[in-house]
Amino acid sequence: MTDIAFIGLGIMGSPMAVHLANAGHAVAGYNRTPDKTGPLVEAGGRAADSVADAVKDADVVCVMVPDSPDVVDVLTGEDGVFAHAQPGALVIDFSSIRPDVTADLASQARDKGFRYLDAPVSGGEAGAKNAALSIMVGGEGDDFQAARPVFDAVGKTVVHVGPSGSGQTVKAANQLIVAANIQALAEAVVFLEAYGVDTKAALEVLGGGLAGSKVLDQKKENMLARSFEPGFRIELHHKDLGIVTAAAREAGVVIPLGSLVAQLMASAQAVGDGGLDHSGLLRGVERLSGRPSTSDKEN
Ligand code: NAP
């Protein structure tokens, strides 16, 4: 049994913390909005009333917050992890943030005597609820081995991909692939509907062939029902596509499809769809096609 602090009990963090408590670890969870600690407490965890309170006895500190400034704040702020955690604690950042910010935070952590892994995840809310996440881990090999019991409690495919920041780079690539897939699926749905075919039947047969994908499996119902409750919010995917386009530019790599889908995601954010699930990219295809009525009625 390990003493674990878990900071950020949102859509992803809450079920992950619950799995850790169910695996027998002593989990102290902190969330800015306190009522989100409910599921963790029901699973036998403890609701901490501050980051300092959560991390004070922790061997492992898990973080799952939205964006780079949030992780910087949680780790380096006056009331943050670096100021209050025990020497030698292993910090695991599950959030998806900028690789350069991660490399800087890892270096600060090492200077202060902490161990640090970046461990962004893929698999969506369903993957978090089913403990079936893919976890792409950057950092030292020994720290990766030490973190294995934590990863195995929340994930299914767990791979050490290289030094600090590498996990975030792999996650950026993941988000490029997922966004392009969702956009292609959304375009196919609007196209099929325009021809009046049975779209449910069409997606069933497409799912069994080379066009099949996890995106199609997990997002087809949202699109057919125009039900875009998140899941994974467009505003978060917009953040991730900003990371991948900036990192590609920095590396001198050209990602035309990534740039296009980043613009489409930016448009969805700009018209007020940022709080919807990223399958809501469908609404952008409908708008571009002059067929906005179906989902605009719902949302
Ligand atoms: P979320 O539901 O918005 O949860 C984020 C949590 O972080 C909330 O509990 C929030 O507290 C807390 N938080 C936000 N800003 C904070 C700050 N400055 N200081 C302290 N706490 C803060 O987001 P999520 O969907 O779980 O996503 C978390 C991370 O996982 C993101 O980096 C996202 O890109 C990544 N991710 C998400 C998915 C997905 O399907 N949702 C999949 C893979 C990866 P409040 O409750 O007070 O707002």
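How far apart do the end C-alpha atoms of residues 165-283 lie, and what percentage of the span is helix and what percentage strand? In this predicted model, the end C-alpha atoms of that span are 34 Å apart, and the span is 75% helix and 0% strand. The legends below take up this span and then other parts of the structure.

**Figure 1. Two annotated spans of the chain, residues 3-162 and residues 165-283, as listed by UniProt.** The record, an unreviewed entry, gives residues 165-283 as "domain: 3-hydroxyisobutyrate dehydrogenase-like NAD-binding", and residues 3-162 as "domain: 6-phosphogluconate dehydrogenase NADP-binding". Whereas residues 165-283 are 75% helix and 0% strand, residues 3-162 are 41% helix and 25% strand, with end C-alpha atoms that lie 26 Å apart.

**Figure 2. The ligand between domain 1 and domain 2.** Because domain 1 (3-163) and domain 2 (169-298) both contribute residues to the shell around the ligand, the ligand lies between them. The ligand is surrounded by 25 residues, of which Asn31, Thr33, Lys36, Pro66 and Lys239 are the closest. Sorted by class, the shell consists of 10 nonpolar, 7 polar and 8 charged residues. Helices α4 (68-76), α7 (124-129) and α12 (234-251) each provide at least two residues of this shell, and the largest share, 3 residues, is that of α12.

**Figure 3. Polar contacts of the ligand with asparagine 31, glycine 231 and arginine 233.** An N or O atom in the side chain of asparagine 31 is 2.5 Å from an oxygen atom of the ligand, and a polar side-chain atom of arginine 233 lies 3.0 Å from an oxygen atom of the ligand. Glycine 231 takes part through its backbone, where an N or O atom is 3.2 Å from a nitrogen atom of the ligand. The ligand taken alone exposes 900 Å², and the protein buries 91% of that area.

**Figure 4. The loop between α11 (214-225) and α12, with glycine 231 and arginine 226.** Most peptide bonds are trans, and most residues other than glycine have a negative phi. The peptide bond that leads from proline 230 to glycine 231 is cis, with omega near 10°, and the backbone of glycine 231 also supplies the N or O atom that lies 3.2 Å from a nitrogen atom of the ligand. In this loop between α11 and α12, arginine 226 has a positive phi, near 50°. Arginine 226 counts as buried because its relative accessibility is 7%, below the 20% under which a residue is called buried.

**Figure 5. Alanine 131 in the loop between α7 and β8 (133-138).** Although alanine 131 is not a glycine, its phi is positive, at about 50°. The helix that comes before this loop, α7, is one of the helices that supply at least two residues of the shell around the ligand.

**Figure 6. Lysine 171 in helix α9 (residues 166-194).** UniProt, in an unreviewed entry, lists Lys171 under "active site". With a relative accessibility of 6%, lysine 171 counts as buried. Between lysine 171 and alanine 126 the separation is 45 residues in sequence and 17 Å in space, taken from C-alpha to C-alpha.

**Figure 7. Leucine 241 in helix α12.** Leucine 241 has a relative accessible area of 1% and is therefore buried. Along the sequence, leucine 241 and glycine 162 are 79 residues apart, and their C-alpha atoms are 22 Å apart in space. The helix that holds leucine 241, α12, gives the largest share of the shell around the ligand, 3 residues.

**Figure 8. Proline 66 in the loop between β4 (60-63) and α4.** Proline 66, among the closest residues to the ligand, has a relative accessible area of 38% and is therefore partly exposed; for such areas only the protein chains shown count as cover. Proline 66 and aspartate 79 are 13 residues apart along the chain, and their C-alpha atoms are separated by 18 Å.

Methods: Residues are numbered from 1 along each chain as its sequence is written. This is a predicted model: local features need pLDDT of at least 70, side-chain atom pairs count only at pLDDT 80 or more; totals for chains, interfaces and linings use all residues. Side-chain values use heavy atoms; hydrogens and water are left out. A residue is near a molecule or strand if one of its heavy atoms lies within 4 Å of it. A polar contact is a pair of N or O atoms within 3.5 Å; within protein, one must be able to donate a hydrogen and the other to accept it, and residues adjacent in sequence count only if both atoms are side-chain atoms. Accessible areas come from the Shrake-Rupley method with a 1.4 Å probe; for residues, only the protein chains shown count as cover. Helices (H or I, at least four residues) and strands (E, at least two) are DSSP runs, numbered from the N terminus. Ala, Val, Leu, Ile, Met, Phe, Trp, Tyr, Cys and Pro count as nonpolar, Asp, Glu, Lys and Arg as charged, and the others, Gly among them, as polar. Domain bounds come from an automatic or database domain assignment. UniProt positions are given in the numbering used here, feature names are shortened, and annotations may be inferred rather than shown by experiment. Buried means under 20% relative accessible area, exposed over 50%, partly exposed in between (1.4 Å probe, protein chains only).
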